[in-house]
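Here is a short tour of a protein, written to be read with the structure open beside the text. Please take a moment to turn the view around before reading on.

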Amino acid sequence: MTIEPDRSDMTSGHPKRPIDPVGRMLERVAVVLAGLGGIVLLVIVSISFVSIIGRFLFSNPLLGDFELVEMGCAVAIASFLPLCQLRRGNVIVDFATAGLPPRVNALLDGLSAFLYALVASFFTWRMYYGAQDMFRYSEETMLLRTPVWIPFLPVAFSFFILSICCFYTAYNSFQRTMRRI
């Protein structure tokens, strides 16, 4: 598994585009998830807009708008995380590591991606069991009576894909470390 160096990113030493089959497949899945997250964001913005207009013009906002916005934001944010990881878009505070050799930075990137993978895997596991509990106990939102387990599923799936992406980027960082020995 290797990532093709992108000329626009040669200064950081982090290649951007995967060229191996696993990386390309992960990128396609991550792009689709991000696109779906964008659609969810458009829907919740529309819900908020209609509710604000209804409140302003008719003193009658949409019932449960905040419940839909809350669930939609959780789904959208989780949907963006895998692509952000694959494109190395997470915020990195590198004031302590800026002067280190590229090999050490690649090792630290690999370790942080591996730790992130463990955290994402833990979240996947807990979101899955949380969805089961919400389903078993018929948990619903207060105003709309929407089952709470429904948004748990896309969030759990997004965290599952995120954990795979993190393991993939960790592997690639460790590979970069080994090539420079």
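## A term to begin with

A residue is called buried when its relative accessible area is under 20% and exposed when that area is over 50%, with partly exposed in between. Please keep in mind that this is a predicted model.

## Overall fold

Let us start with the architecture. The protein has four helices and two strands, and along the sequence these elements follow the pattern β-β-α-α-α-α. The radius of gyration is 20 Å, well over the 16 Å that the globule rule gives for 181 residues, so the protein is more spread out than a compact globule. Taken along the principal axes, the box filled by the C-alpha atoms is roughly 65 × 40 × 35 Å.

How do the contacts run along the sequence? Of those between residues at least 6 apart in sequence, 71% join residues at least 24 apart.

## Surface and charge

What share of the residues is buried? Of the 181 residues, 33% count as buried. The accessible surface comes to about 11,100 Å², and carbon and sulfur atoms account for 71% of that surface.

As for charge, the protein has 15 positive and 13 negative charges, and the mean positions of the two sets are 9 Å apart.

## The aromatic residues

Now for the rings. The count comes to seven aromatic pairs. One of them joins Phe 122 and Phe 123, a tilted pair with 6.2 Å centre to centre and 50° between the planes. An angle of 50° fits the tilted class because stacked planes are under 30 degrees apart and edge-to-face planes over 60. Phe 122 has a relative accessible area of 44% and is partly exposed. Phe 123, with a relative accessible area of 37%, is partly exposed because this value lies between the 20% and 50% limits.

Which class does the pair of Trp 125 and Tyr 129 belong to? The ring centres of Trp 125 and Tyr 129 are 6.2 Å apart and their planes are at 90°, so this pair is edge-to-face. Both residues lie in helix α3 (residues 102–136), four residues apart, which is about one turn of the helix. Trp 125 counts as partly exposed at 44% relative accessibility, and Tyr 129 counts as partly exposed at 35%.

To place these pairs in context, look for the wider group: ring pairs link Phe 122, Phe 123, Trp 125, Tyr 128, Tyr 129 and Phe 159 into a cluster.

Notes. Residues numbered from 1 in each chain as written. Predicted model: local features only at pLDDT ≥ 70, side-chain atom pairs only at ≥ 80, totals over all residues. Heavy atoms only, no water. Rg over C-alpha atoms; globule rule 2.2 N^0.38 Å. Buried < 20%, exposed > 50% of the residue type's maximum accessible area, 1.4 Å probe, protein only. Contact = heavy atoms within 4.5 Å. Areas by Shrake-Rupley, 256 points an atom, 1.4 Å probe, with all protein chains shown as cover. Lys, Arg positive; Asp, Glu negative; His and termini not counted. Charge placed at Lys NZ, Arg CZ, Asp CG, Glu CD. Phe/Tyr/Trp six-rings, centres within 6.5 Å; stacked < 30°, edge-to-face > 60°.
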